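Work through the exercises below with the model open. Each task is followed by a stepwise solution.

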Amino acid sequence: MNGSTSSPGPSTPTRRVHALDNLRATMMWLGIVLHVSVIYMSRPSPLPWHDDQSSSLADLLVAVIHAFRMPLFFILAGFFVAALVHRHGLTGMVRNRLRRLGLPFALFWPPLFVACALLGLLFLHRMAYGTWGVDRSLLPRGPNVPQGPATMHLWFLWMLLWLAVLTPVAWTAVRALPAAVQQALQRCALWLGGTPLGLVVLTLPLAWIGAGYDHGIVTPNGSFLPPLAEWIHNGLFYSFGLCLHVHRKALMARYERHWPALAGLGLVGFLVTALLSEVLAQPEASAFALVLVTGAFTDVLATPVSATRHLQFWMALAYNSASWLWSFALIGLFLRHVGQPRAWLAYLADSSYWVYLVHLPLTIGLGALLYGLPIPALAKMLINVLATTALCLASYHLCVRFTAVGRWLTRRAHIRHSLGDPVHAT
């Protein structure tokens, strides 16, 4: 410490707001990388359309980004909901969330659903016949495919809206508890988010839920009535975000100080997940691995289903531990190094909501256009990511930023300079 007071310290509220806004914007942009990478996976894709070229890098990007992106989104969402409650009360928070989540979902979901469905059918027609066309018989069927309209990538808005609406119930219930119980719960939340054993406790319910999913990884099914497992899984990260706001000074300072160690431990958890995934792909090895992990010396070859479920539990434990650790590490990293206000970061943060809303049909349409071209998968991925980013930002700047829609999405008013340069207006 040099005693200088010329700039705010790393934990001041101003830096924290800029850092978390920049972090949220970065996670929004990673959605483009994720949804493009899915098209070029070498392993079975969660989406029905895929390119004729594939890359193992696409598999790695999907696995890594999925590990922390949505968990971190829900943590940040809970944090900002708690901040809204403290500023505007429970009723004001609900009004804000209805305006910021419910209204965009109601207005954007219908045209986005039609666009994604049409572009998806065009992509499937290209895959099946090599020509452009629409054939509804190509639509996938299966237990994991939503029956009826799907929420698509807007499932996050849909689930977050309901979590926010239900927050006043839980908030009121906690406030009605005796003061001693409330203090005990606060100490428990601090322990969960700030100690290694607390991290294990946070991860155990996620591992229990993940054991019922392929490779132990909970994936959204996109239906308007998602299964209970998704509510619990995402609700736990959201609830932690609520608690993080209460202990923001202590926990954020800890994450900021130890983010490299948290990132390294998260990498260990991810590598363990990858190792168990390879084992799970070999049925005979799965049973023997169960013996090594659990010590259950039985006739392991006679119970392959049990062995698979047990391995999926341990895989989910490792994967979700990486989700927590990487989420904490990214919060600390951005607090430490990306907390200063910068014009280009502020611009990306302002555009992030619009980019999140409109990027998916662009990735599908560009993927269909690139299908069949004799170029490597990595080149197609790069073209798709850059083109989608450019189109999203261009549409934001030309059609949204200086309009009422821009004020509604960003909560900021911008005026256009006479030469076309954007100028912030308070």
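A residue counts as buried when its relative accessible area is under 20%. The model is predicted.

**Exercise 1. The whole chain**

Task: State what share of the residues of the protein chain count as buried, and describe the secondary structure.

Solution:
- Step 1. Apply the burial cut-off: 48% of the 426 residues count as buried.
- Step 2. Tally the elements: the protein chain has 12 helices and 2 strands.
- Step 3. Read them in sequence order: the pattern is α-α-α-α-α-α-α-α-α-α-α-α-β-β.
- Step 4. Turn to the contacts with a separation of 6 or more: 75% of them join residues 24 or more positions apart.

**Exercise 2. Packing of α2 and α10**

Task: Find how the axes of α2 and α10 are oriented, and list what makes the contact.

Solution:
- Step 1. Take the helices: α2 covers residues 56-129 and α10 covers residues 343-370.
- Step 2. Get the geometry: their axes come within 8 Å and cross at roughly 20°.
- Step 3. Classify the angle. Angles under 35 degrees count as roughly parallel, so α2 is roughly parallel to α10.
- Step 4. Assign the hand: α2 passes α10 in a right-handed crossing.
- Step 5. Collect the contact residues. From α2 they include R69, R100, L101, P104, F108 and L112. From α10 they include Y353, W354, Y356, L357 and V358.
- Step 6. Sort the residues of this contact of α2 with α10: 18 are nonpolar, 3 polar and 3 charged.

**Exercise 3. Packing of α10 and α11**

Task: Repeat the analysis for α10 and α11.

Solution:
- Step 1. The axes of α10 and α11 come within 7 Å and cross at roughly 135°.
- Step 2. Angles over 145 degrees count as roughly antiparallel, and 65 to 115 as roughly perpendicular. The crossing angle is in neither class, so α10 is oblique to α11.
- Step 3. α10 passes α11 in a right-handed crossing.
- Step 4. The residues of the contact of α10 with α11 divide into 14 nonpolar, 8 polar and 2 charged.

**Exercise 4. Helix α11 and N384**

Task: Compare the span of α11 with the expected value, then locate N384 and its contacts.

Solution:
- Step 1. α11 runs over residues 377-399, which is 23 residues.
- Step 2. From first C-alpha to last, α11 reaches 32 Å, close to the 33 Å expected at 1.5 Å a residue.
- Step 3. List the buried residues of α11: A377, K380, M381, N384, V385, T388, T389, C392, Y396 and H397.
- Step 4. Pick N384, which lies in α11. N384 has a relative accessible area of 0%, so N384 is buried.
- Step 5. Leave out residues up to four places away in sequence. N384 then touches V36, I39, Y40, L362, T363, L366, G367 and L370.
- Step 6. Check one pair: N384 and L366 are 18 residues apart in sequence, yet 6.1 Å apart in space, C-alpha to C-alpha.

**Exercise 5. A backbone angle**

Task: Determine the sign of phi at M152, and decide whether M152 is buried or exposed.

Solution:
- Step 1. Recall the background: most residues other than glycine have a negative phi.
- Step 2. Read the angle: phi of M152 is near 55°, a positive value.
- Step 3. Place the residue: M152 is in the loop between α2 and α3 (155-175).
- Step 4. Test burial: the relative accessible area of M152 is 17%, so M152 is buried.

Conventions
Residues are numbered from 1 along each chain as its sequence is written. This is a predicted model: local features need pLDDT of at least 70, side-chain atom pairs count only at pLDDT 80 or more; totals for chains, interfaces and linings use all residues. Side-chain values use heavy atoms; hydrogens and water are left out. Helices (H or I, at least four residues) and strands (E, at least two) are DSSP runs, numbered from the N terminus. The expected span of a helix is 1.5 Å times one less than its number of residues. Buried means under 20% relative accessible area, exposed over 50%, partly exposed in between (1.4 Å probe, protein chains only). Axes are lines fitted to C-alpha atoms, for helices over the stretch in contact, and angles run from 0 to 180 degrees between N-to-C directions. A crossing is left-handed if the near helix is turned anticlockwise from the far one by less than a right angle, and right-handed if clockwise. Contact means heavy atoms within 4.5 Å. Ala, Val, Leu, Ile, Met, Phe, Trp, Tyr, Cys and Pro count as nonpolar, Asp, Glu, Lys and Arg as charged, and the others, Gly among them, as polar.
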